[in-house]
Amino acid sequence: MSSTRASTLGDVKAPAPINRSKLSFALGDVVFKYSALFFALVVLAIVVGIFIMLVQQSMPAWQAFGLGFITGDVWDPVREEYGAWPSLVGTLVAAAIAMLIGLPVSFGIAIFISELAPEWLKRPIGTAVELLAAVPSIIYGMWGLFFFAPFFAAYIQPGLVAVLGPLPLFGTLFQMPTMGGSSGVSVMTAGIVLAIMTIPFMASVMRDVFQIVPESLKESAYAVGATQWEVVWNVVLPYTKAGVMGGVMLGLGRAIGETMAVTFIIGNASKLGSSLLDPGSTIAAKLANEFNEADGLQMDSLVAMGLILFVITFVFLVLSKLMLMQLAAQEGKKT
């Protein structure tokens, strides 16, 4: 019995020493996790706070005009009649023009830098694109007002009117301007300048995400006989679709919310013209022009327009996320 007890006691091992390094790593992970959670919640709280403030401050305008404020086309501070429709349409149209021009150009620049350009040319072009992104927006506005708008009115606008104006239906968008004359300030001019402003952002993001595609994937595609375009379309784009969509949303966000450059060159008309060559307005430009001098119901109406802009941006973001989810689901079905 004693020998059995002794053997049993002899088998008992001393407790292992505490590994303090593992404890410190575990504590660091916990701190990192909850710090990241805190900062994420701070961002969410800021967004929610901005939304609540916009709703509260714009409530008198919604109570005065209802949903008719969105479709109203009169902006008259004297009679205190306000409608957001001309600025809302101008915002969407100018952003659409910017995306139609800027997206393919940005895609081409990013593909050229990441896939086609020789090594000695990649850095100069990439640096030039980044320098364009660093130019302040007011400089773009001054350039657009003093150089591009007169150039557009003298050389581009007559061609658009002559070639596209006679077309049925579609030609209505390219009739000779009735409000801005030959000054060149118009929704089309603003859209083109916005495209120039958004190209550096989208091209830089697309270039960066294209460069993270593993070379083994592209080499495998080339090995089975794929062309360069097929590699880009079937390998590079599917692999980087989330990053590409992020770049597009970054450019779209700047196009929708740009203020000073658009204020210079869109004409700031309170009425909605039928032609893209007519002056117009955007929500951001309207806020920049009138916010400092507004009071009472006019201030509430401007805040309501800010709420509309906030909602538009949120809707586009949700649609992009749904598009990415749909693409991911389709890939899962294929596999």
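This passage walks through the fold, the core and the salt bridges of a predicted model.

The chain is mostly a story of helices: there are 13 of them, alongside two strands. Of its 335 residues, 38% count as buried. Looking at contacts between residues at least 6 apart in sequence, 75% join residues at least 24 apart. The chain exposes about 19200 Å², and carbon and sulfur atoms supply 70% of that area.

Turning to the interior, the largest nonpolar core has 68 residues, and Phe69, Met188, Met206, Phe210 and Ile308 have the most contacts inside it. Helix α7 (residues 187-210) is the top contributor, giving twelve residues to this core. Phe210 has plenty of company from elsewhere in the sequence: leaving aside residues up to four places away, its contacts include Phe107, Ala110, Ile111, Val236, Leu237 and Val244.

Two of those partners, Val236 and Leu237, are also among the buried residues of helix α9, together with Val231, Val232 and Val235. The cover over these buried residues includes α4 (85-116), α7, α8 (215-223) and α10 (241-257). As for its geometry, α9 (residues 228-239) has twelve residues and reaches 15 Å from first C-alpha to last, close to the 16 Å expected.

Trp143 sits in helix α6 (residues 137-164) and is partly exposed, at 34% relative accessible area. Beyond residues up to four places away in sequence, Trp143 touches Phe148, Val193 and Ile196. Ile265 is 122 residues from Trp143 in sequence, yet their C-alpha atoms are 9.5 Å apart in space.

Then there are the charges. Side chains of opposite charge can pair when their charged atoms come close, and a search of the whole structure turns up nine salt bridges. One of them joins Arg207 to Glu130, with the closest N and O atoms 2.9 Å apart. This pair ties together distant parts of the chain, since Arg207 belongs to α7 and Glu130 to α5 (residues 119-134), 77 residues away. Arg207 counts as buried at 10% relative accessibility, while Glu130 is partly exposed at 41%.

Lys218 and Glu215 make a more local pair, at 3.3 Å from N to O; they are three residues apart in helix α8, so about one helical turn separates them. Here Lys218 is buried, with a relative accessible area of 5%, and Glu215 is partly exposed at 48%.

Finally, Asp76 bridges to Arg79, with 2.8 Å between the closest N and O atoms. Asp76 falls on the buried side at 19%, whereas Arg79 is exposed at 54%. Both belong to a salt-bridge network that also takes in Glu81.

Notes: Residues are numbered from 1 along each chain as its sequence is written. This is a predicted model: local features need pLDDT of at least 70, side-chain atom pairs count only at pLDDT 80 or more; totals for chains, interfaces and linings use all residues. Side-chain values use heavy atoms; hydrogens and water are left out. Helices (H or I, at least four residues) and strands (E, at least two) are DSSP runs, numbered from the N terminus. Buried means under 20% relative accessible area, exposed over 50%, partly exposed in between (1.4 Å probe, protein chains only). Contact means heavy atoms within 4.5 Å. A nonpolar core is a set of buried Ala, Val, Leu, Ile, Met, Phe, Trp, Tyr and Cys residues joined through side-chain atoms within 4.5 Å. The expected span of a helix is 1.5 Å times one less than its number of residues. Accessible areas come from the Shrake-Rupley method with a 1.4 Å probe; for residues, only the protein chains shown count as cover. A salt bridge is a side-chain nitrogen of Lys or Arg within 4 Å of a carboxyl oxygen of Asp or Glu.
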